Amino acid sequence: MDTSTFAAVASFVTLAKTPNLLLPPNPFSCLPRPRASLAVCCANSHASPPPPSPLPRAASDEEEVAPPRLRLRRIAEEFRALPEADRAHRLLAYAAALPRLTEADRVAANRVMGCVAQVWLLGRCDGAGHMLFAADSDSELSRGYCSCLVSALDGARPEEVLDVDTADLAPLGVAAGARSRANTWHNVLVGMKKLARAAIAAREGRPRGEPFPSLVIGRDGAVRAQGSYAEAQAMFLSPDQSKIAKLVNTLMERKIGIVAHFYMDPEVQGILTAAKRQWPHIHISDSLAMADSAVQMAEAGCKYIAVLGVDFMSENVRAILDQAGFNKVDVYRMSSEQIGCSLADAASSSAYTHFLKAASRSSPSLHVIYINTSLETKAHTHELVPTITCTSSNVVATILQAFSQIPDLNVWYGPDSYMGANIADLFKRMAIMSDEEIAEIHPDHNRKTISSLLPRLHYYQNGNCIVHDMFGHEVVEKIKEEYCDAFLTAHFEVPGEMFSLSMEAKTRGMGVVGSTQNILDFIKNHLKQALDRNVDDHLQFVLGTESGMITSIVAAVRKLFDSYESSEDGANIEVEIVFPVSRDSVSKTSVDDSHDFGSSVTNDLEQITIVPGVVSGEGCSIHGGCASCPYMKMNSLGSLLNVCQQLPDEDNILSVYQASRLNAKTSYGKLVAEVGCEPILHMRHFQATKRLPDKLVYQAIHGNGGESS
């Protein structure tokens, strides 16, 4: 920190330590400021009324030793006591009392992310063990926020800073009104807490831990890898041109379309992303959009579809193509072996059947099943309990709409236990929100309806994604310690601690919880905002999902950079993607079983000891594991070329690679493919109309009775 900055705020710090002046009723009354600031204030005084009169308050012995948290609450009381029209003026009064930072300190390294305006924060611990803070902004309202926080927390011990809760800041948002402005309170406080944690670590002699591996994408599109794990990801962002040409020629010659999931191996994704510029029938997305893209490719004349994903994805593509009338378009998987999925396996277990049999005895009931399950599972569960599929981006809306449309409904969600627990946690949070805030999420709900549905929401207890299972306690603690001021992204399938951390970040505009597409859109939106501001910036995102997404993220970031005309006046903007990888490759911690119908059935996860990755590299387990799905990585570039080059398969060599049609029948004698597609069609109806179809509502109330179509 520039020493002149602390010299400029020395008197400000002294006042913060003076007991009777910890909370000046009017910041103009005693906080010194440079003459230049005073001149500016006087020059503009005709444009707005003077600050409100000081609030009468007598000093007391208690006030002499008031802890920072109490100081902050008193500032909140000060604002609450003022007429609404005067609150912004008082905030501007605090702003005028805050010393300016020097230009040397108003740099990107000191920026507070997530604020509408530019905000800079500095801090250190003095020899007596007290935190010294300085802050500034190019917005007067934001300066007022900073001034309040500095006056309350400057001179406090690090532990006292950590003791301040974001809930203490709630009343302060009334000064500016807009939620985006109020986020400044929260994000500056988070930055202060990060500095306090660092001070405690230094005092205790704890060395700073190794940072998570990351990739930094510059304005020119260049990628800088930090850590060996990141280097392994970056290797394939500029793929071999000969491999691209070989693949493109094969696809064009044989009219092959490719649908791939975001979690593909980085080498495969790098080549597919580059190949798409020459052959448009390549699509990388989450699982829901894969089948729709395959239909579009068939409509465009593709004779074959190669599916790079797990087996339930190729099954789904096959069934949807058949429904669309493209029975002659062949669908191929990328391995002769089974490409499994821990979630899909959990839903096909006897324990899951037991869970749904209990559901079938509770009327009315609706089963909401995650899209990442097999068609066979969807078919059998639909005959047990009326079923609708969901994705991580529409699950909350689906469940809320179901409760709204069907009185006294019981909802049974599965098979992802973490997502189920996160949904329940989200609804508990909603139950203490205002009716107006709840209506923004769903117009038919309020505090009363949300509270009443909580005991009627059930979720399965023994299913999880082996990758998202890694984002547990160790990872969360490191994020809290070193990345709390970064943008946090989390898939809805992550464990509760990571979910809660990202939800807290979301409340201050710094986080997203949702699907892979939601995460990608969140990163793109914040980059676009930075490009529109056109000031130097470093956007740091913690990637709380499978690392395979990095290829799509880099491609999207580069595309956005290219869409803005570069010039000599263009700001230096960087995007950093952080991989929060656990020390352990696979978590052995069981999911909390506090809800009904739990099961102790052994999960296939327990049989996996190593998740493929960079052996003993940074960001990976000591056993060689990384935040990477072993099933998805069975879709190699070699397999893709092997399958494509042997098409058309006149000698039936590729029969084991072909996604076969499900000709099996359910217990009621119906085709699995037909019954299994019905929950998907129910979801599509909901997406189009925002209401559950009448047929599904009838089934939920009266039961299927063996009739699902």
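Two strands pair if DSSP finds at least two bridges between them. Keep that in mind as we look at this predicted model.

Start with strand β15, residues 537–544. What does β15 pair with over six bridges? Strand β16, residues 573–578, and the two run in the parallel sense. One bridge puts leucine 539 opposite its partner in β16, valine 575.

Now the pairing with β13. Strand β13 covers residues 487–491. Four bridges join β13 to β15, and these strands are parallel too. Here leucine 488 stands opposite valine 542 of β15.

Is β15 enclosed or open? Seven of its eight residues are buried, so β15 is largely enclosed by the rest of the structure.

Next, a helix. Helix α5 runs from residue 68 to residue 81, which makes 14 residues. How far should α5 span at 1.5 Å a residue? The expected value is 20 Å, and the end C-alpha atoms are 20 Å apart, so the two agree. Several α5 residues are buried, including Pro68, Leu72, Ile75 and Phe79. The charged names are on that list as well: Arg71, Arg74 and Glu78 are buried.

Last, the nonpolar cores. The largest has 147 residues. Which residues have the most contacts inside it? Leu272, Ile305 and Leu308. Take leucine 272. Leaving out residues up to four places away in sequence, leucine 272 touches Leu247, Ile258, Ala260, Ile282, Ile284, Leu308 and Leu640. There is also a second, separate core, with 29 residues. Among them are Cys115, Val188, Ala199 and Phe79. We met Phe79 already, as a buried residue of α5.

Note on methods:
Residues numbered from 1 in each chain as written. Predicted model: local features only at pLDDT ≥ 70, side-chain atom pairs only at ≥ 80, totals over all residues. Heavy atoms only, no water. Expected span 1.5 Å × (residues − 1). Buried < 20%, exposed > 50% of the residue type's maximum accessible area, 1.4 Å probe, protein only. Core = buried A, V, L, I, M, F, W, Y, C linked by side-chain atoms within 4.5 Å. Contact = heavy atoms within 4.5 Å.
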